Amino acid sequence: MDGPTATATALLLGLLAHVASPLEVPLDLLEGLPQPPTITHQSPKDYIVDPRENIIVRCEAKGKPHPSFSWTRNGMHFDVDEDPKVAMKPHSGTLVIDISGGEKAEMYEGVYQCTARNEHGTAVSNNIAIRQSRSPLWSKERNQPIVVQEGVALVLECRPPAGLPPPIVFWMDNNFQKLSQSPRVSQGLNGDLYFSNVVPSDSRSDYICYARFPHTQTIQQKQPITVRVMNNGPAEDRRPTFLVPQGTTSSKMVLRGHVLEMECIAEGLPTPEVSWVKVSGELPHNRLSLLNFHKTLRITGVTEADAGQYRCTAKNRLGTIHHTITVNVKAAPYWIMAPNNLVLAPLENGQLICRASGNPKPAISWAMNGVPIHNVPHDPSRRVEDDTIMFTDVQSGSSAVYQCNASNDHGYLLANAFVNVLAEPPRVLTPPNKVYQVIRNKPAILDCSSFGSPLPKITWFKESRSSVLDGDPYTAHDNGTLEVRTAHSSNSGKYTCVARNSLGISENHVYLEVKEPTRILKQPEYKVVLRNRDVVFECKVTHDSSLMPTVTWLKDDDELPDDERFVVDVDSLTIKDVTESDAGTYTCIMNTTLDQDSASAKLTVVDVASEYPDPPSDLELTDHRSRSVQLTWTPGDDHNSPIKKFLIQYEDALHDHGKWHNLTEVPGTKTTAHLKLSPYVHYSFRVLALNSVGYSEPSQPSQQYKTNPAAPDENPAGVKATGTEHNNLVISWKPMTALQSNGPGLQYKVSWRQKNVDEWLSSTVANVSKFTVSGTPTFVPYEVQVQAVNKHGAGPEPGTVVGYSGEDLPVAAPDNVQVRVVNSTLADVHWDPVSAESLRGHLNGYKIYYWRERSLHKRNPHHSEQQILTFNGNKTHGKLPGLHPYSIYNLNVRVFNGRGDGPASSTKQFKTPEGVPGQPSFLRITKPSLDSLNLEWGPPAHPNGLLTGYTLKYQSVNSTNDLGPVEKLKLPPNETSMTLHNLKYSTRYKFYFSAETVKGQGPSISEEAVTVIDEAMASRQVDIATQGWFIGLMCAIALLILVLLIVCFIKRNKGGKYPVKEKEDAHADPEVQPMKEDDCTFGEYSDSEDHKPLKGSRTSSNGTVKRDDSDDSLVDYGDVGDPQFNEDGSFIGQYSGKKERDTAECIESSEAPSPINAMNSFV
């Protein structure tokens, strides 16, 4: 939905948020719902009417059904039908009083009040006081000429007639020209014209006061006043006195929010100057203005903080006078919380709050349907408590309009608020199937405005309604709006909002489309183009395919010139035949219906390629003065790049010959500079020009200009005063430069005095930056000054710096040192601070000296290394961390200043309690056997208390490093070894060993050990391997293999072949054909000359022979590649294989038999 209906829907989001919020029945969208009257427009409380025009008293109201209207006048019913001159507009309560027939408006003056009522309640307007505007004539008078002596004060009274509203007063002459005003002559707030003193030029016969009545737009004129100033000799000067106000004090009352105006007009000769201060605080400068030549102080938007005393001061050279004005701020009632309309369902609860403030505090009164609340029938569901009406279990038919009146001496507030008891099922007001479009990564707002009584609860679902949408990335607001904080493509889709209350349910579907952002990929770039050439600015963009961007080009933030030379394309701007006027900043703006992006670039047009500018020339000095000179020059060629600025530099040939310093810069459009100079300098000037390429070479120096010496303009900076010894004061400062000296013979006048002593002592020094005062008391405050002096006089009055003479060691120690042990490693120390007198310097802090006297453990009795802990500042307590448990400590506390430490306090001794022990000093595992290990250990180096025992934990570790279950043993504290039995043989174990005190278990030490293999198996293998028959067998096998190799070698040399059974050739060795595994025969061997590969081999593409992958490998037979040995070298590994073979049948092998295989064949 678009247009006014969409706007109304958006406004309802705020209206339908919560029962306690302002809630109105949306009559324009929900026809037929009842609503009590609400006043929508009314005339102001103080209504001044023009007697020449008809009187229109406004009163408009809404409600369902539409309300009827009636009026009261001066508290009595006003019958509109009785007066033919009074009519009420149709469907409105607005009165139209026709006085065009000559009736007087004053006949209809009075206090009017409008009432709007329907069957659900009555609303009333404010009391509208109608008064006729008045612009009376000035009374007839004859003004006698006023003759005054020159120099005296004069007041010309205006005294305009009282009008309604009051007139605006001003003074003019016969030619209707405003009279000139000044600090000497000014108009007061009452309209009178005040002269602080008169001069002969004040003589004239046309001082005329005018009064303009703004309501009737009429101006009344007072009779002209003639003033003649006599000159009977020179007037005597006199001190100021106040013409307005009178006396020395006065008071003024102002209302909160109004404008406060106070004036002080003084007379005297010479003319006094007036100034203002607030005695009781700061003036509110953001709301303050000084008018009428500082004679009038105006503060707008007065608040309670503006109350207090204000003092105006008038002074001239003969004296000063003061006047104090006490301002009291009162306040008409103003709202803290105005009552809001309330829509309730039957049996619901609610409240109307009418909270106002003011000075004096306003009284609150309630009415229902225009009748005071105490005069209406009792309703058990309604309870009035001061500024609140509470409703409990409201009933149908109890709708009404309640009036709250807050009033005090300065005004009143009247508010209408209805309580509308409705029972309505929910209605969703957002148009169905509305489509929301949003840019990716931007927030999306989906509306679900609704109405119902009781107030509906809103829930949101997406697509399948699997769950309520509330939580990241969704936020469900109280007014029914669903917010997607950062929209992504995945958030696109159909959304359903459901409104529920006890009377029904209503739902609506909306759709969210998340679009890709519009971004300029290639931005226009800065261009420098020759005149009459073409230039192209590119502006390429990416955007969502469903959004069509429109491109807009601007020049200097304005539309492009209407010139066919400017050609706008889809992604570029072309300017043909560029001229100088085309220079500027061009901005490309890409717009879609949802977003935009923009980029800018500058175009510079030149005749030829730019270069550095030529240096300026013809430097000339004019207007020579003691502290300034005028420098002019002629610019050089800018080489097609305009000069941006000129840099002026100077050389001081007297103090810093040969060095140039920057003095000032001026815009490139100027060729003159007014230079401020320092005394006692021999100036030479030069000028550099800057364009877009860079700076020019410097110009030739100007003629030398020498300034005369003068007294210094400033004093040294960085003045400090401090002591280096206990009986001195060192005054130091930053030396002044030759340029700052202003003349020859620079010296420093150093002055000092003890604080609160009247007499200053001083000494003058030169060529130094410090001065030492000896023989001072220890650490007392001094005031010091350093003033610059040269041969032409002294510098300005120097500022005073406060410093202290030297410090000495403190003479007192902190008292009442207390130690509180927090735990076994931390103690808290407290002490009383030392007095300032005994400190004898700046308090830098306190130091705690502490040392461990001994351990309470017998084996570690003594440790005396002293430690220091420093606490800066005025601390009176500190913590000592890192203490050793179960020990005796000593400590003392000392104060220290910049000189050093003071004496130590009395030594305090304290004990630390036991803590958990350290880890045992060692753990050794010895004497491994099949099922036991021996453990030895040492007690902890830091037992931190009395040991209560040891804890041993251990667990087995298998070949994959997996840990077995943990076993735990408790051991007495006096043991240092044990034997652990019932272990598994040939198994690795991990041990964890820790000590314990009463405070708990300490850190553990760990070790690993392995039990030995089965001893019987080991000894049997050793016996077999050392038997004589075993050695003989091994020799026979070796001899047999040797014989077979010799036979094969002989046959090969003869070129013969051995027929063998071909069974499996795929596993043959390419160099030595092995014995077949299945039948123990040899494979076929060939001695061909062409080096063909043997059967069972395969040839690669490059002619090399590769071995086929074997089906059998030593890997299948256990860890034979890494056998274990006994100490005598015999094998202790045991052969086992995955494939069963008859080793006896295959004893004739092409490889030497493995000792392991042979050994296992006999086992």
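**Salt bridges, strands and surface**

Student: Is K970 buried, partly exposed or exposed?
Tutor: K970 has a relative accessibility of 52% in this predicted model. The cut-off for the top class is over 50%, so K970 counts as exposed.

Student: Which residue forms a salt bridge with K970?
Tutor: The closest N and O atoms of this pair are 2.5 Å apart, and the limit for a salt bridge is 4 Å. K970 sits in strand 82 (residues 967–971) and its partner in strand 84 (residues 988–997), so the bridge ties together parts 26 residues apart in sequence. That partner is buried, with a relative accessible area of 16%. The residue you want is E996.

Student: How many residues apart are D901 and K847, the two ends of another salt bridge?
Tutor: D901 and K847 have their closest N and O atoms 3.2 Å apart. D901 is partly exposed, at 23% relative accessible area. The pair links distant parts of the chain, with D901 in the loop between strand 77 (887–896) and strand 78 (908–911) and K847 in strand 74 (residues 845–855). Along the chain, the separation is 54 residues.

Student: D828 and R820 form a salt bridge too, so which class does D828 fall into, buried or exposed?
Tutor: The closest N and O atoms of D828 and R820 are 3.5 Å apart. R820 is partly exposed, with a relative accessible area of 47%. D828 comes out at 6% relative accessibility, against a cut-off of under 20%, so D828 counts as buried.

Student: What is the count of salt bridges by this rule?
Tutor: Some of them join up: E157, R159 and D192 are linked in a network of salt bridges. By this rule, the count comes to 40.

Student: On to the strands. What is the order of the strands in the open sheet that includes strand 57?
Tutor: This sheet has 3 strands, and their pairing is antiparallel. Strand 57 (617–622) and strand 61 (672–676) each have a single partner strand, so they stand at the edges, with one side of each left without a neighbour in the sheet. Neighbouring strands are turned by 25 degrees against each other on average, direction ignored. The order is 57-58-61.

Student: Which residue of strand 61 stands opposite Q630?
Tutor: Strand 58 (residues 628–634) and strand 61 run antiparallel and are joined by 5 bridges. In strand 61, the residue opposite Q630 is H674.

Student: Which residue in the turn between strand 17 and strand 18 has a positive phi?
Tutor: Strand 17 (residues 204–213) and strand 18 (residues 218–221) run antiparallel, joined by 4 bridges. F213 stands opposite T218 in strand 18. The two strands form a hairpin with 4 residues between them. The residue with a positive phi, about 55 degrees, is Q217.

Student: What about the loops: how far apart are the C-alpha atoms of P431 and C448?
Tutor: P431 lies in the loop between strand 38 (424–428) and strand 39 (434–439). P431 is a buried residue, with a relative accessible area of 11%. C448 is 17 residues from P431 along the chain, and their C-alpha atoms are separated by 8.9 Å.

Student: Which residues does D808 touch, leaving out those up to four places away in sequence?
Tutor: D808 is placed in the loop between strand 71 (801–804) and strand 72 (815–823). D808 is buried, with a relative accessible area of 17%. The residues D808 touches are H726, T778, L839, R840, N897 and R899.

Student: What is the area of the nonpolar surface patch that includes I1050?
Tutor: I1050 lies in helix 5 (residues 1028–1053) and, at 43% relative accessibility, counts as partly exposed. The patch is made by L1039, L1042, V1043, I1046, V1047, F1049 and I1050. Its area is about 650 Å².

Student: Zooming out, what share of the residues in the protein is buried?
Tutor: The protein has 6 helices and 88 strands, and exposes about 62300 Å², of which carbon and sulfur atoms supply 50%. Among contacts with a separation of 6 or more, 65% are between residues 24 or more positions apart. Of the 1163 residues, the buried share is 41%.

Technical notes: Residues are numbered from 1 along each chain as its sequence is written. This is a predicted model: local features need pLDDT of at least 70, side-chain atom pairs count only at pLDDT 80 or more; totals for chains, interfaces and linings use all residues. Side-chain values use heavy atoms; hydrogens and water are left out. Two strands pair if DSSP finds at least two bridges between them. Axes are lines fitted to C-alpha atoms, for helices over the stretch in contact, and angles run from 0 to 180 degrees between N-to-C directions. Patches are made of residues with over 30% relative accessible area and no salt bridge: like charges are joined within 9 Å, nonpolar side chains (Val, Leu, Ile, Met, Phe, Trp, Tyr) within 5 Å. Accessible areas come from the Shrake-Rupley method with a 1.4 Å probe; for residues, only the protein chains shown count as cover. A salt bridge is a side-chain nitrogen of Lys or Arg within 4 Å of a carboxyl oxygen of Asp or Glu. Buried means under 20% relative accessible area, exposed over 50%, partly exposed in between (1.4 Å probe, protein chains only). Contact means heavy atoms within 4.5 Å.
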